[in-house]
Structure formats: structure tokens, C-alpha cells
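Subject: Handing over the model

Hi,

Here's the structure I promised you. Have a look at it first, and my notes on what turned up follow underneath.

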Amino acid sequence: VIDIRKLYGTTGAFTYDPGFTSTASCWSKLTYIDGDQGILLHRGYPIDQLAEQSSFMEVAYLLLNGELPGKAELETFTNTITRHTMLHEQLSTFYRGFRRDAHPMAIMCGVVGALSAFYHDSTDINDPQQRVIASHRLIAKMPTIAAMAYKYSVGQPFVYPDNTLSYTANFLKMTFSVPAEEYVPDPVIVDAMDKIFILHADHEQNASTSTVRLAGSSGANPFACIAAGIACLWGPAHGGANEAALNMLREIGTPDRIPEYIARAKNKDDPFRLMGFGHRVYKNFDPRAKVLSKAASDVLDRLGISDPVLDTARELEQIALKDQYFIDKKLYPNVDFYSGVILSAIGFPTTMFTVLFALARTVGWVAQWNEMISDPEQKIGRPRQLYTGPTQRDYVPVAQR
Ligand code: ACO
């Protein structure tokens, strides 16, 4: 037994908590999760009510300001965001510095980090007005940045924002329009996309949000902090899981092959896991998965797509929900199980899935960053460690080694 207090000369409590599974890093009024009950609330409002009845702009306002907007407030907020959707023209040159086949997440990390070099009037974190402008700029410009990353990666010309459209319709148009054919966003697709954005807007202190807060705790500017969050989200264990779930469903291919994969998931000697199943926090069901299950049907029906991937997903869900292994381990479909099916039906390549997650989560990152900066108890994040290297020893010149 090591006496940590002696080892580190500390008198206070010193905990070893890899993955911070039992450590609260902050107070927060934004998002509440009860994993055992399958509850997710933003500022007190259940996620399913927000997804079914509100819009992404309303949720953004709610997360940033604490209350749902009135009609006039929503209009003003939406206009403000719309006004900031353009990117500094010089940024298109910046895009052209990337390799043509660059991953859109790599481009996004770089471009968002570079915003601080273009918008000097919103990098002073001690000025509340500058913080508001930076927040609006980040939320507004993210669809433009994401769509441009996509356009660049497929070799098509950039499409400028259309201020007559909603936040989500504008994003779809910037992504899918080409000079020869203007993309006219379908209301069912816009609605499903808006739901996906709402469902990904915030999820308390997940890895990328904690990264944004940690970066911000040193006083770094907001653009740099959000770029750090994007880098963290890129990992397959975080933002990349819906891509993995879709790949798995495609690999299974048809419902008759499901038992083979269920058997593999249960086999302790096989590292295979059912992607899109299980969650660190939700041990009953993921409320976001329920909303997306219905949205998947709506989108595929609307597009007239009969995709065996969706049939496979539905059948797999039914089989797993009745299987004792999954019941005992409290494994249910998570938000990633259906989102990949929807995004692929809309026409997004899998490389864009994490980009879309980053676009939506920017609202949560920005709200969390603002909350942290305004917290009088905020201090620089500085975890400790348990040192396991050599004890002190003397340097030996290289000739004598
Ligand atoms: N398929 C099969 N078995 C599983 C699965 C799965 N998807 N998930 C967990 N298990 C089993 C584990 O083998 C383990 O079994 P054991 O007790 O016999 O050792 C038990 O359930 C507990 O698993 P842990 O990994 O300890 O659970 P944890 O809560 O740490 O992990 C996680 C949650 C990482 C999400 C896990 O369920 C998983 O890997 N799921 C697949 C990946 C995925 O869908 N990720 C997306 C998460 S949602 C998001 O990030 C937005």
C-alpha cells in the first residue's frame, strides 16, 4: 500500500480515477443525465420533447441563455446567427492549402483553430461582449466550415450561405448544391437533420466537452478551445462510433446473418462488440436512440429507399433486446445506432459523420465554455498523477554508460 500523501507531500484527499468516472470537474446548469432512468434534460427540458417539438436554433438559444426564447427573441437570435454565416474570404485560400484527399475532420480542426487569426475582435475572453460575438460566430460559421470541408474533399466548388434558409436547410444546400443543379432541401430531410443536430447538441462532461473546458481553463481563446474539442471528438471511441455502427450493419448485410454476430458479441474470446450498443452512462435506454429510430423510417420512406441496412438494424435491435446477455449487461441501442443509417440515406459519406457531430456539439461546447468562464470558482485544470518511474538517480556521462 502506497501512502500517497507521504509520496506527494499533500495533506488533502488525493484520488486515483482513470477516465474520471467518479470525478466531477465542475458545477453545471446545462445538462442533466440520469443513466439508470434513460433521462437527458437540457436546462430541465426532456430531450425527446425538444427533438420532437423545437428547432436546433431554439435549443442553441436555450443552452446559451438558460431559457427557451420567446417569438421575438428567437427571431433576433436566428437573424444574428444567419448574419454571421459567411466566412472571411481569405479562409478559402487556407482550405486550398490542404491535400485534396484530406479528411474533412482534419480540415475542420485546422480551419476552426485558424478563426482566431481572422476574428481578432472576439478573442478577449475577459470582455463579455466579445465572448457573445465569438459564441455566435462559432455556431453560425460551423455549417459553412463543414460544408466547405466536404466540398473541398470531393473537388466541388464552395457554395456560399443562403440567408433566406433556416440554419439546417442552409447547411444541406451548401453541402449538396452544385453549379449545375441547385439542391432544394426537402422538409422531411431538414427535419431529420435538425433532430440529429438537437440530439447531439450537448451531453454534459463527455471527453470533447471536458477538453474544451480544460483548454479554456488556461485562458485560451474560444476558437482554439473549440478546435481542441473537435480534435478530441475525432476519436473512434467518441465521435466515430456511428461510422463504426453503419459499417457493422453493412457487414452483417441481411437479417439472416444476425445470429452469427450476436454470438460473436457474446464470445469473450472475440474482441467484436455490437457497435451502436451500450453506453457508459445510459444503463436503461438512450433516449436519443428512440427519436432517431423513428426519424430513420421517416427519411427512408420519404426518399423511397428500401435499405436492407435499416431492416438489419431493426431486426438486430429486436433480437438483442430479448437476449439475456444484453439484458443482463443493460446494453441498448445508443444514439449512434440509427444516425449513420439516416446520414447515409441523406447522401453523406461516412467521413462526414463526425463532422456533423462536431457541428451540432459546437453549441454545447460554446455554452459550456461560457459557463466555465463566468464561474468565479473556475481555475486552471491541472490533474495530478501517480508517478511510477525510477526514483532519483545521478546523471552518468555518455562515455561511461
Ligand atoms: N457488445 C457486446 N458486449 C458489450 C458491448 C457491446 N456493444 N458493450 C459492452 N459490452 C459488455 C462488455 O464486454 C462487458 O462485459 P463483461 O462485464 O463480461 O466484461 C460489459 O458489457 C460492460 O462493458 P464496458 O466496456 O465495461 O462498459 P462501458 O460502460 O465502459 O462501455 C461502451 C460503454 C464503450 C459504449 C461500450 O458499450 C461499447 O464499446 N459499445 C460499442 C461502441 C459504441 O457504440 N460506442 C458509442 C457510445 S455513444 C457515444 O459515444 C455518442
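Let me start with helix H17 (residues 336-346), where Asp336, Phe337, Tyr338, Ser339, Gly340, Val341, Ile342, Leu343 and Ser344 are buried. Buried here means that 20 or more other C-beta atoms lie within 10 Å of the residue's own, exposed means 12 or fewer, and partly exposed is in between, with C-beta atoms placed from the backbone. Helices (H or I, at least four residues) and strands (E, at least two) are DSSP runs, numbered from the N terminus.

Before I go on, two words on the source. This is a predicted model, in which local features need pLDDT of at least 70 and side-chain atom pairs count only at pLDDT 80 or more, while totals for chains, interfaces and linings use all residues. Residues are numbered from 1 along each chain as its sequence is written.

Back to H17: nine of its 11 residues are buried, so the helix is largely enclosed by the rest of the structure. What do those buried residues pack against? The partners are helix H9 (187-199), H12, helix H14 (287-303), helix H15 (308-322) and helix H18 (353-374). Contact between two residues means that their C-beta atoms, placed from the backbone, lie within 7 Å. Just after H17 comes Gly347, with a positive phi near 120 degrees.

One of those partners, helix H12 (residues 241-252), packs on H17 at an angle of about 75 degrees, and the two axes are 8 Å apart. Axes are lines fitted to C-alpha atoms, for helices over the stretch in contact, and angles run from 0 to 180 degrees between N-to-C directions. That makes H12 roughly perpendicular to H17; the cut-offs are under 35 degrees for roughly parallel, over 145 for roughly antiparallel, 65 to 115 for roughly perpendicular, and oblique for the rest. On the H12 side, Ala241, Asn242, Glu243, Ala245 and Leu246 meet Asp336, Phe337, Ser339, Gly340, Val341 and Ser344 of H17. Sorted by class, this contact has five nonpolar, four polar and two charged residues. For the classes, Ala, Val, Leu, Ile, Met, Phe, Trp, Tyr, Cys and Pro count as nonpolar, Asp, Glu, Lys and Arg as charged, and the others, Gly among them, as polar.

Ala241 turns up again at the ligand. 16 residues surround the ligand, the closest being Ala241, Ala265, Arg273, Phe277 and Gly278. A residue counts as near it if its C-beta atom, placed from the backbone, lies within 6 Å. The shell is made up of seven nonpolar, five polar and four charged residues.

H9 has a crossing with helix H8 (residues 167-176): their axes come within 9 Å and cross at roughly 110 degrees. H8 and H9 are therefore roughly perpendicular to each other. Thr168, Ala169 and Leu172 from H8 meet Ile189, Val190, Met193, Asp194 and Phe197 from H9, and this contact has six nonpolar, one polar and one charged residues.

Then there's Leu233, in helix H11 (residues 222-233). Leu233 is buried, with 25 other C-beta atoms within 10 Å. Its C-alpha atom is 8.3 Å from that of Phe357, although the two residues are 124 apart along the chain. Setting aside neighbours within four places in sequence, Leu233 touches Ser208, His238, Gly239, Thr354, Phe357, Ala358 and Arg361.

Now the sheet. Three strands form an open sheet in the order S1-S2-S3, with antiparallel pairing; two strands pair if DSSP finds at least two bridges between them. S1 (31-34) and S3 (45-46) are at the edges with a single partner strand each, so one side of each is left without a neighbour in the sheet. S1 and S2 share four bridges, with Tyr32 partnered by Leu41, while S2 (residues 39-42) and S3 share two, with His42 partnered by Tyr45. Along S2, Leu40 and His42 point to one face and are buried, whereas Ile39 and Leu41 point to the other and are not.

Last, which residues have a positive phi without being glycine? Arg43, in the loop between S2 and S3, has about 50 degrees, and Glu204, in the loop between H9 and helix H10 (207-216), has about 40 degrees. Arg43 counts as partly exposed, with 19 C-beta neighbours inside 10 Å, and so does Glu204, with 17.

Cheers
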